[in-house]
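The exercises below ask for a careful reading of one model, taking its sheets, its helix packing and its confidence values in turn. Each task is followed by a solution that proceeds step by step.

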Amino acid sequence: MPGLPGDDVESQLLSASSQLERKSSLHHESPLAQAQAQRRPDLASVRQLFTARRGTKSIVFLVAVATLVYFNHARFKSTSLERSQPSSHLSPNEQPIHVVAGQKQERPAVRETAPPSWYILDPPDDLARDLSRCAALCSKLPDPHPDDADEVLDSPLLLSYDEQVTKAFGGDLPYADKYPQDLPYALHNTDQFSLPAIVHLRVASLIASLPSPPTLSSADFLLLALDTQLLPRCTSCSHPELLPATLDRHAIRRRAVDWLTTTVASHYSRRQYSSMVLPLSLIDHDYEKSLLMEKAQDAIKDHVVVLGIEREPWETRDKLRDSFEQVPYPSIFSLPVVKGMNEEADDPGGKRAELEQWLLKQERTHLVSFAGKSEPNSPKSGKGPFNGYAIRRLLATTLAGSYANDSRVAMQISNPGTQRATFIPAIHSTMLHSTFCLQPPGDSATRKGFFESVLLGCIPVVFRAATYAKVFRESGIEWSEEVAFVVDGEAFVKGQRDIVEILAAVSPDEVERRRKEIVRVAKRVQYGVPKEGEVEGWGGDAFGMLLKRLESIKARGEDGLEDGF
């Protein structure tokens, strides 16, 4: 017997309503969405209406259909919008501050939630040992494991806390005495390429702070703890003649790639979002012929969040564009880790307030300064699509020529033989006493000096508007409006802009506004050192911004939005 008009449609709608009902249960509704839910008709009641009205006139059925579609669409749209708005990428207490006519709006008070949970996946001991030996010998360093070829390596978690901090942040800074005695930052001999070690320490601290550590199956994210600083040193070995026959650098590379791809293949379906995290030490093009060849990129691109300080593919197809997360460079400056999510309220020892006051009171005797190389270190450097050596050469020529005797301008040009112990403190001193710090691209689009200028209260001047946009997207900060000053790099190279006169024309009110924003942002671009035994939460530093971004990826993935990205 043929069905009544609308029977096929009704059965499809009932099926669709079941799907919507299941999908709606995945959403974590805000108090606003919960309040809206109280005003909706019960979903089950509407479905009973469908069944009860089977065989009645089509108009009754269509009214029920419209009711169901409207309220389920409103429910899904409400939650999706909460996730898709820029503020939804932030943790609950880190809603954005919008600057309107130079005044900040207050953040709404919302409840606190726990940061994402972690589980650490280490590579096999034999791979870690061989990689460590290969990298050391290729760099003409002593063999770290000369006699104990079969020894079991100590996990970083088995090291003392001080040893863990030294491994991640370096020891005491050898030239710390060249910095102001009242500097609010702690100083460490931190390598700018130490991101994996720092992330490992901070993740381990989060795990150790929990009464019951997450398991492999329960953790929100898996940290792929491969030492990516050692791999390029081994595979592009400067002294292959020093390697014993038992250390085949090409075989080590293949073993590292196999471990990465096999591990990802074993766990890729564990979550609805990319739940594995791989920190890179160097520019990602350094891995194009080792860890991240095209086949490996294909294997991980939809399942792994790749962290890095620079994003510059040179030779291979850009397959990691959507899974790459740019984070601030590690630097020698750090503050104590801020516990909790409400970083405006939680300020152990008043360190943030002390930092802000200290930076604002510094006398800015230079209008503009530039420090860095004007030529790449080697023919292999400076070949990226956004390298900045044309801008750097012109800056060096302009500042050394037309403004050579202008006290408003300070310039410090380095070369490969420059001594760090004298040059680095001098650079930082100049930044500390400059209003604007020129930050052109170098070997790649980004540079450590950008973050150091922010940490020292100097307004960074960049030459491409989108360069650092991804770094700040979890901070609630419009970085190009509130932090950096953007100059058209192409127009500058063509001789159409005078950089000094452009900056001299910026009004005192605008300078003051940006300086205050710089000071507010400074704490978020440094990696804090957690104190032993203290419970670590979200934190208001660079690692805290990373946690917020990962929480956003998790939320969007669970909502079925773009695989979390």
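**Exercise 1.** In which sense, parallel or antiparallel, do strand S12 (residues 434–438) and strand S13 (residues 459–462) pair, and over how many bridges?

Solution. The model is a predicted one, and in it strands S12 and S13 run in the parallel sense, joined over three bridges. Within this pairing, Cys 437 stands opposite Pro 460 in S13. The next step is to place the two strands in their sheet, which is open, has five strands in the order S11-S10-S12-S13-S14, and is paired in parallel. Its edges are formed by strand S11 (409–413) and strand S14 (485–486), each of which pairs on one side only. Finally, helix H18 (residues 508–522) lies across S12, S13 and S14, and its direction is at about 105 degrees to that of S13.

**Exercise 2.** Determine the strand order of the sheet that contains S5 and S6, and then identify the helices that pack on it.

Solution. The order is S3-S5-S6-S7-S8, in an open sheet of five strands with parallel pairing. Strand S3 (118–121) and strand S8 (324–326) are the edge strands, each pairing on one side only, and the twist from one strand to the next averages 30 degrees. Inside the sheet, S5 and strand S6 (residues 276–279) run parallel and are joined by two bridges, with Leu 222 standing opposite Met 276 in S6. Turning to the helices, H9 packs on this sheet and touches S3, S5, S6 and strand S7 (304–308), its direction making about 170 degrees with that of S5. Helix H19 (residues 542–558) also packs on the sheet, where it touches S3, S5, S6, S7 and S8, and its direction makes about 160 degrees with that of S7.

**Exercise 3.** Classify the crossing of H5 and H9, and describe the residues that make the contact.

Solution. The axes of helix H5 (residues 125–138) and helix H9 (residues 249–267) come within 10 Å and cross at roughly 140 degrees. Because of that angle, H5 is oblique to H9. The crossing is left-handed. On the H5 side, Asp 126, Leu 127, Asp 130, Leu 131 and Cys 134 take part, and they meet Arg 249, Ile 252, Arg 255, Ala 256 and Trp 259 in H9. Sorted by class, this contact has six nonpolar, no polar and four charged residues.

**Exercise 4.** Carry out the corresponding analysis for H6 and H7.

Solution. Helix H6 (residues 161–169) packs against helix H7 (residues 195–208) at an angle of about 150 degrees, and their axes are 7 Å apart. The residues in H6 are Gln 164, Val 165, Lys 167, Ala 168 and Phe 169, which meet Ala 197, Ile 198 and Leu 201 in H7. By class, six nonpolar, one polar and one charged residues make up the contact.

**Exercise 5.** Decide where the model calls for caution.

Solution. Begin with the protein chain, whose mean pLDDT is 75, with 68% of its residues reaching 70 or more. Among its elements, strand S5 (residues 221–224) has the highest mean pLDDT, 97, and strand S1 (residues 99–100) the lowest, 32. Then look for low stretches: pLDDT stays under 50 over residues 1–111, for which the model has 123 contacts beyond four places in sequence. It also stays under 50 over residues 340–345, where 27 such contacts are found. Where pLDDT is low, predicted coordinates should not be read in detail.

Technical notes
Residues are numbered from 1 along each chain as its sequence is written. This is a predicted model: local features need pLDDT of at least 70, side-chain atom pairs count only at pLDDT 80 or more; totals for chains, interfaces and linings use all residues. Side-chain values use heavy atoms; hydrogens and water are left out. Axes are lines fitted to C-alpha atoms, for helices over the stretch in contact, and angles run from 0 to 180 degrees between N-to-C directions. Helices (H or I, at least four residues) and strands (E, at least two) are DSSP runs, numbered from the N terminus. Angles under 35 degrees count as roughly parallel, over 145 as roughly antiparallel, 65 to 115 as roughly perpendicular and the rest as oblique. A crossing is left-handed if the near helix is turned anticlockwise from the far one by less than a right angle, and right-handed if clockwise. Contact means heavy atoms within 4.5 Å. Ala, Val, Leu, Ile, Met, Phe, Trp, Tyr, Cys and Pro count as nonpolar, Asp, Glu, Lys and Arg as charged, and the others, Gly among them, as polar. Two strands pair if DSSP finds at least two bridges between them. pLDDT is the predictor's confidence in each residue, from 0 to 100.
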